[in-house]
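Visitor: Please take me through one part of this structure closely, the place where the two chains meet and the sheet behind it. Explain each term as you go.

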Amino acid sequence: MSAIVFDNVGRRFERNGQSFPALEEVSLTVADKEFVALVGPSGCGKTTCLRMAAGFEMPSSGRVLVGGVPVHGPGPDRAVVFQQFALFPWKNVTDNIAFGLRNKGMLAAERQDRVAGIIKLMGLEGYETAFPHQLSGGMQQRVAIARAYVLEPEVLLMDEPFGALDAQTRIVMQEELVRIARINPRTVLFITHAVEEAVYLADRVAVMTRRPGRIKEILDVRSVREAEDWHRHTRVEDVMDLESFVHLRTHIWRSLREEKVDAEH
Amino acid sequence: MFLLGAAGLLGFLGLWWGLSASGLVAKQFLPTPLEVLARTLYLLTEPFAGATLPEHLARSFERYAYGFMLAAAVGVPLGLLMGWFRWLDDMVTPVFDGLRFIAPIAWVPFAALWFGTGIGGPIMIIFSGAFPPCLINAYRGARFVDRTYIEAAQMLGTGNLRTILQVLLPASFPSIVAGLRIGAGLGWQSLVGAELIVASAGVGYLMVQGQSNISTPTVMAGMIAIGLVGLLIDVALRQVEAFVRRRRGLA
């Protein structure tokens, strides 16, 4: 069991000797094997939430728990996929993917099996010895997802993973992620500012307010998805055409727009 | 580009030649370019101060190589560790900043006292010239490495030692190589000072002997040799730098 729990979390930043609140009273639970997308206006602190779950930052108040244990620092039980991929440019695809496995002291034979398996799953065959700079953005992000997935982490933290990709590649990657998540479900916290992406991928979508960020509302996408049987469509654009999808999407858009209008006053 | 460069060089040689041929400066003190060239060619095969010019150069290069390698071997790891461990940075930086502005030649008296005429003295002086850039660039490379690489390593469960060797070091590599290049240049520039206290052979020694024999063409031949070898060292390290950048897909 590896739920992510934000328990009344606050986070303040210091700037020029003054303290600013970035997050206030954030309470959110991502259940075991659940996929939760966090959307919100830019600068609302959604990435800060993810970084606290990863252990890169600490909350100023409240608690962040993963698997019932307070997060103290980063670790391979909570693999992160970064927006800018963060692949090691001096290592080829295989060595990038195997990097975390080597920390586990795994036998070479088993390591090779695991890496070969994930390379196949992510459609990276033929690129094993390529260096990151030789790959397109989409392929680089596949490698980054493979590097995280190969560790079989309880929790996957994805920080706008498709934000740096072009629209076509983004759609392909969304479909890929759904496919992989079905084969091998994980507890996922997914940050995005793309509403459609959130509705397409997530079991639940949490909408945040503008800074200081709070959870404004949480939408249950999964029950709608199952009731309306979105799974009969494999293509993103077909799902996005469904009335139930459009309804949810528009609701979230309105919710976010209220935030932006407020921000202008 | 090439034409302008050639014109500049010709202008320089012309000015030099004019000055020494006009008699404004005693010929003894400013030989003509032709005399210097003739002397250089002569010294290539005939010994002066106990050895030919290439032999002097070889001895100089040996001292230089030891001094520079020592500077790199100490400076690069220390710089990396200072970039990683804050306490080490706080501890070393005041001492380093206090020493780094002392010119290498200022160490000559102590080098002579501590090492006599042995190889230790020149190595110490060349070291003091090459060391600061080796350390500073490794330090800056490590200190300002893209944080996401470090975070990626951490979330993959990587320990300190492996993070330093497999993330910090390669991420800082372009900066380290640039530092080695600067250090190599400054180390070579410190050479003549280092060899003022040498009693056997070396380009610096050759020049000192040339001076006491009032053979200015010999001194200039030494200067030309130093300039040319320095240029060669820089070109070689530039190649290394370009190779590193190409492999990273940066160029």
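Guide: Where the chains meet, 20 residues of chain A are in contact with 13 residues of chain B; two residues are in contact if their C-beta atoms, placed from the backbone, lie within 7 Å. Strand 6 (78-81) and helix 2 (93-103) of chain A each supply at least two residues of the side of chain A that touches chain B. Sorted by class, this side of chain A has 13 nonpolar, 6 polar and 1 charged residues. Here Ala, Val, Leu, Ile, Met, Phe, Trp, Tyr, Cys and Pro count as nonpolar, Asp, Glu, Lys and Arg as charged, and the others, Gly among them, as polar. Helices (H or I, at least four residues) and strands (E, at least two) are DSSP runs, numbered from the N terminus.

The model is a predicted one, in which local features need pLDDT of at least 70 and side-chain atom pairs count only at pLDDT 80 or more, while totals for chains, interfaces and linings use all residues. Residues are numbered from 1 along each chain as its sequence is written, and chains are lettered from A and ligands numbered from 1 in the order in which they are written.

Now the sheet. Strand 6 of chain A belongs to an open sheet of 6 strands with the order 6-7-8-3-9-10 and mixed pairing. Two strands pair if DSSP finds at least two bridges between them. Strand 6 and strand 10 of chain A are the edge strands, each pairing on one side only. From one strand to the next, the twist averages 15°. Axes are lines fitted to C-alpha atoms, for helices over the stretch in contact, and angles run from 0 to 180 degrees between N-to-C directions.

Within this sheet, strand 7 (residues 155-159) and strand 8 (residues 187-191) of chain A pair in the parallel sense over 5 bridges. In that pair, M158(A) stands opposite F190(A) of strand 8. Helix 4 (residues 137-149) of chain A packs on the sheet and touches strand 6 and strand 7 of chain A. The direction of helix 4 makes about 175° with that of strand 6.

At the other edge, strand 9 (residues 204-208) and strand 10 (residues 215-220) of chain A run antiparallel and are joined by 5 bridges. R204(A) stands opposite D220(A) in strand 10. A hairpin of 6 residues joins strand 9 to strand 10 of chain A.

Chain A also has an open sheet of 4 strands, in the order 2-1-4-5, with antiparallel pairing. Strand 2 (18-30) and strand 5 (69-70) of chain A stand at its edges with a single partner strand each, so one side of each is left without a neighbour in the sheet. Strand 1 (residues 4-15) and strand 2 of chain A pair in the antiparallel sense over 9 bridges, and V5(A) stands opposite T29(A) in strand 2.

For the partner chain, one helix will do. In helix 10 (residues 203-212) of chain B, 7 of the 10 residues are buried, so this helix is largely enclosed by the rest of the structure. A residue is buried if 20 or more other C-beta atoms lie within 10 Å of its own, exposed if 12 or fewer, and partly exposed in between. Among the buried residues of helix 10 are Y205(B), L206(B) and M207(B). The buried residues of helix 10 pack against helix 3 (53-84), helix 9 (191-195) and helix 11 (216-247) of chain B.
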